[in-house]
Amino acid sequence: MPECVFCRIAAGEIPARVVFSDDRVVAFRDLNPQAPTHILLIPREHIASIADAQAQHEPLLGHLVLVAAELARQEAVVESGYRLVLNHGPDAGQSVFHIHLHLLGGRKFTWPPG
């Protein structure tokens, strides 16, 4: 989708601090980090939100989570802990309508979030 900022990042049209890229997923550092480690992971395929995901997206979404786990190891936040966040809709904080998984770590988090 040409107007989607995350599609444009995935296509290399908008610069980002990419930390991982393959044929299905791109991961890059968040411009407004909420933790010392804050990486956004996006599928290259445009899916507006998790509510729009279909059964055929299951392998892609599983890959997204596995890449996040590998990046957590590379960022050395596995021992202390990290959080994966996937928001749906404006009330949950989704501001870009392209599925994206936040990998947050490097500080203590509280519960409940938000």
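A residue counts as buried when its relative accessible area is under 20%. With that cut-off in hand, strand E3 offers a suitable entry into this predicted model.

Strand E3 spans residues 37-43, and 7 of its 7 residues are buried, so the strand is largely enclosed by the rest of the structure. The burial holds for both faces: Thr-37, Ile-39, Leu-41 and Pro-43 point one way from E3, His-38, Leu-40 and Ile-42 point the other way, and all are buried.

The next step concerns the neighbours of this strand. Strands of a sheet pair through backbone hydrogen bonds, in either a parallel or an antiparallel sense. E3 pairs with strand E2 (residues 25-29) in the antiparallel sense over 5 bridges, and Leu-41 of E3 is the bridge partner of Ala-27. E3 is also joined by 5 bridges to strand E5 (residues 101-105), again running antiparallel; here Leu-40 has His-102 of E5 as its bridge partner.

These pairings belong to an open sheet of 5 strands in the order E1-E2-E3-E5-E4, with antiparallel pairing. Its edges are strand E1 (18-21) and strand E4 (82-85), each of which pairs on one side only. Neighbouring strands of the sheet are turned against each other by 15° on average, direction ignored. At the E1 edge, 3 bridges join E1 to E2 in an antiparallel arrangement, and Phe-20 has Ala-27 of E2 as its bridge partner.

A helix completes the surroundings considered here. Helix H2 (residues 58-74) lies across E1, E2, E3, E4 and E5, and runs at about 155° to E3.

Methods
Residues are numbered from 1 along each chain as its sequence is written. This is a predicted model: local features need pLDDT of at least 70, side-chain atom pairs count only at pLDDT 80 or more; totals for chains, interfaces and linings use all residues. Side-chain values use heavy atoms; hydrogens and water are left out. Buried means under 20% relative accessible area, exposed over 50%, partly exposed in between (1.4 Å probe, protein chains only). Helices (H or I, at least four residues) and strands (E, at least two) are DSSP runs, numbered from the N terminus. Two strands pair if DSSP finds at least two bridges between them. Axes are lines fitted to C-alpha atoms, for helices over the stretch in contact, and angles run from 0 to 180 degrees between N-to-C directions. Contact means heavy atoms within 4.5 Å.
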